[in-house]
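I have the sequence and the model open side by side, and I am keeping short notes as I go. Here is the order in which I looked things up.

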Amino acid sequence: MNAESDERIETAEEAATGSASGGTAKAERELGSRAPGFIKASRPLHLSWQVGVFVVGLGVVVAGALMLVLPGPGWLVIFGGMAIWATEFVWAQLVLRWTKRKVTEAAQRALDPKVRRRNIILTTVGLVIMAVLVGIYVWKFGLALPWTVGE
């Protein structure tokens, strides 16, 4: 069994039952294309619309991937490209829902007092270790910069 296809079926059923009962939650919109009605009415126009959305989304995702190694907000741009794709493609909508759910869960875990205390302790220990290393460097070499130590 493929878990992804099971999730798609469950999500589609939830969306169908939500729309049948009179409305869906704001965060759980129906899956599918959000193209204007006149575009959906014509199959060739809708297909060209989907190709255009895919190309624009691909460009944004590729730019975000480049920003992972170059300066820039790489992950933010990648998720922006996924949001562009999610206006047309169900698979991108499901990926974004999963990502939002995981980010929310991580934020809730980060607010846990035990986790916050652990993070503060680890940060303090890391800063103390860095301060000791800087102190050793200054004691051994003085305030000389690393590239001028050999002179």
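**Entry 1: surface.** I began with the outside of the chain. About 11300 Å² is exposed, and carbon and sulfur atoms supply 70% of that area. Then I checked the inside: buried residues make up 18% of the 151 residues in the chain.

**Entry 2: how far to trust it.** A reminder to myself that this is a predicted model. The mean pLDDT of the chain is 79, and 75% of its residues reach 70 or more. I then asked which element has the lowest mean pLDDT and which the highest. Helix α1 (residues 3-20) comes lowest at 49, and helix α6 (residues 113-141) comes highest at 92.

I also noted two stretches where pLDDT stays under 50. Over residues 1-5 the model has one contact beyond four places in sequence. Over residues 15-25 it has seven such contacts. Where pLDDT is low, the predicted coordinates should not be read in detail, and I am treating both stretches that way.

**Entry 3: the fold.** I counted six helices and zero strands in the chain. Read from the N terminus, the elements run α-α-α-α-α-α. For contacts with a separation of 6 or more, I find that 45% join residues 24 or more positions apart.

**Entry 4: the record.** I looked up UniProt next. The entry, which is unreviewed, lists residues 47-69, 75-99 and 120-139 under "transmembrane region". I compared two of these spans with the model. Residues 47-69 are 100% helix and 0% strand, with the end C-alpha atoms 34 Å apart. Residues 75-99 are 88% helix and 0% strand, and here the end C-alpha atoms lie 12 Å apart.

**Entry 5: aromatic rings.** How many aromatic pairs does the structure hold? I found five. I followed F54 and W85: their ring centres are 5.4 Å apart and their planes meet at 15°, so I logged the pair as stacked. This pair links distant parts of the chain, with F54 in helix α3 (residues 43-69) and W85 in helix α4 (residues 74-86), 31 residues apart.

Are these two side chains buried or exposed? F54 counts as partly exposed, at 34% relative accessibility. W85 is buried, with a relative accessible area of 7%.

F54 also pairs with F89, this time edge-to-face, at 6.2 Å centre to centre and 85° between the planes. That pair again links distant parts of the chain, since F54 and F89 are 35 residues apart. F89 is buried, with a relative accessible area of 16%. Stepping back, I see that ring pairs link F54, W85, F89 and W91 into a cluster.

**Entry 6: charges.** Side chains of opposite charge can pair when their charged atoms come close, so I searched the whole structure for salt bridges and found one. Which side chains meet in it? They are K102 and E105, at 3.7 Å from N to O. The two residues are three apart in helix α5, which means about one helical turn separates them. K102 counts as partly exposed at 37% relative accessibility, and E105 counts as partly exposed too, at 33%.

**Entry 7: for my next look.** I will start again from the F54, W85, F89 and W91 ring cluster and from the K102 and E105 salt bridge. I will leave residues 1-5 aside, as their pLDDT stays under 50.

Notes:
Residues are numbered from 1 along each chain as its sequence is written. This is a predicted model: local features need pLDDT of at least 70, side-chain atom pairs count only at pLDDT 80 or more; totals for chains, interfaces and linings use all residues. Side-chain values use heavy atoms; hydrogens and water are left out. Helices (H or I, at least four residues) and strands (E, at least two) are DSSP runs, numbered from the N terminus. Buried means under 20% relative accessible area, exposed over 50%, partly exposed in between (1.4 Å probe, protein chains only). Contact means heavy atoms within 4.5 Å. Accessible areas come from the Shrake-Rupley method with a 1.4 Å probe; for residues, only the protein chains shown count as cover. UniProt positions are given in the numbering used here, feature names are shortened, and annotations may be inferred rather than shown by experiment. Rings of Phe, Tyr and Trp (its six-membered ring) pair if their centres lie within 6.5 Å; planes under 30 degrees apart count as stacked, over 60 as edge-to-face and the rest as tilted. pLDDT is the predictor's confidence in each residue, from 0 to 100. A salt bridge is a side-chain nitrogen of Lys or Arg within 4 Å of a carboxyl oxygen of Asp or Glu.
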